[in-house]
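Trainee: Could you take me through the spaces in this model and the words used for them?

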Amino acid sequence: MRVIIKKNYEEMSKEAAKIVKDLIQKKENCVLGLATGSTPVGLYKELIRMHKEEGLDFSKVITFNLDEYYGLSPDHPQSYRYFMDINLFNHINIKKDNTNVPDGKVPIEKIEQYCEWYEDMIKKVGGIDLQVVGIGGDGHIGFNEPGSSLNSRTRLVALDEQTIKDNSRFFDKIEDVPRFAITMGVGTILEAKEIILLANGEKKAEIVAKAIEGPITSQISASVLQLHPKVTIILDEEAASKLKRKEYYKFASEAEKKIGLRLF
Ligand code: PGA
């Protein structure tokens, strides 16, 4: 696990965008796993800039999103499909058919079959090359709330009270926040060839420290990233402020990164 601490949100976002760009340039038909929420918005802005100003080509890129609220249709302004369209897909030359976000309107009796199909689609394209994740206040990745099995797969889940509270800022009132979601499982996420976790702001500092430096536990889904062979955690200074170890490198230069100055 490598931990990069950047000065602020913008720098964190740029660092993540560089990793995504390198992959797209190395493997043009790469498969990206994408996340929603406030955290990756800066990353998506930077990718849009790279597309517009530097010609970064998304025409062969395939994407799979981590999760979607259950019950929201793709055109609902709070659905994650809508979020992805307005924050990224509508501004780059990706083929909409190559973008996959779980369908929040699958009839309940077809959910299991649908989730298996989502996993099969990921396998069919050769698996996810790079998965981007944020971290919830309760330590979730995707919507894998505390107690999610480390082997869990794509499935319907009930959202935690804290998640409902955290996400109510996007809705008119807390009662409007869906209580259920479809999410890739912890096991699904761990199968990605590479993972980057982004976190910014003081509010994330405590859970970030627990996930990175604490024991691996299903109570904090993000802690399982410690088991993955290729994870980069990119934090701003505030989100890094409760880490106990001080050796994580700050503002690492390109040269330092090239020689692999990493501590885990
Ligand atoms: P946030 O959510 O980016 O809006 O903080 C992160 C998450 O819940 O995974």
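Mentor: A residue is near a molecule if one of its heavy atoms lies within 4 Å of it. This is a predicted model, where local features need pLDDT of at least 70, side-chain atom pairs count only at pLDDT 80 or more, and totals for chains, interfaces and linings use all residues. Residues are numbered from 1 along each chain as its sequence is written, and side-chain values use heavy atoms, with hydrogens and water left out.

Trainee: Which residues surround the ligand?
Mentor: Gly-37, Ser-38, Thr-39, Gly-134, Ile-135, Gly-136, His-140, Arg-169 and Lys-204 do. This shell has one nonpolar residue (Ala, Val, Leu, Ile, Met, Phe, Trp, Tyr, Cys or Pro), two charged (Asp, Glu, Lys or Arg) and six polar (the others, Gly among them).

Trainee: What makes a pair of atoms a polar contact?
Mentor: Both are N or O atoms, within 3.5 Å. A ligand oxygen lies 2.4 Å from a side-chain N or O atom of Thr-39, so this pair qualifies. For Lys-204 the value is 2.6 Å and for Arg-169 it is 2.9 Å, so these pairs qualify too. Of the 280 Å² of accessible area (Shrake-Rupley method, 1.4 Å probe) that the ligand has on its own, the protein covers 85%.

Trainee: Where does the ligand sit?
Mentor: The ligand takes up the space of the largest pocket, because more than half of its atoms lie within 2 Å of the pocket's grid points. A pocket is an open set of points on a 1 Å grid over the protein atoms alone, with protein on both sides within 12 Å along at least five of seven lines.

Trainee: What is the volume of the largest pocket, and what lines it?
Mentor: Its volume, the space filled by probe spheres set on the points, is about 790 Å³. Its lining (residues with an atom within 4 Å of a point) has 38 residues, and Gly-37, Ser-38, Asn-167, Arg-169 and Lys-204 are the closest to its centre. Strand S4 (67-69) and helices H3 (80-87), H5 (161-167) and H7 (205-213) each give two or more residues to this lining. H3 gives the most, five. By class, the lining has 14 nonpolar, 16 polar and eight charged residues.

Trainee: Why is a space called a cavity?
Mentor: Because a 1.4 Å probe fits there but cannot get out. The structure has three cavities of 30 Å³ or more, and the largest holds about 50 Å³. Its lining includes Met-1, Ile-135 and Val-208. H7 gives the largest share, three residues. By class, this lining has nine nonpolar, no polar and no charged residues.

Technical notes
A polar contact is a pair of N or O atoms within 3.5 Å; within protein, one must be able to donate a hydrogen and the other to accept it, and residues adjacent in sequence count only if both atoms are side-chain atoms. Helices (H or I, at least four residues) and strands (E, at least two) are DSSP runs, numbered from the N terminus.
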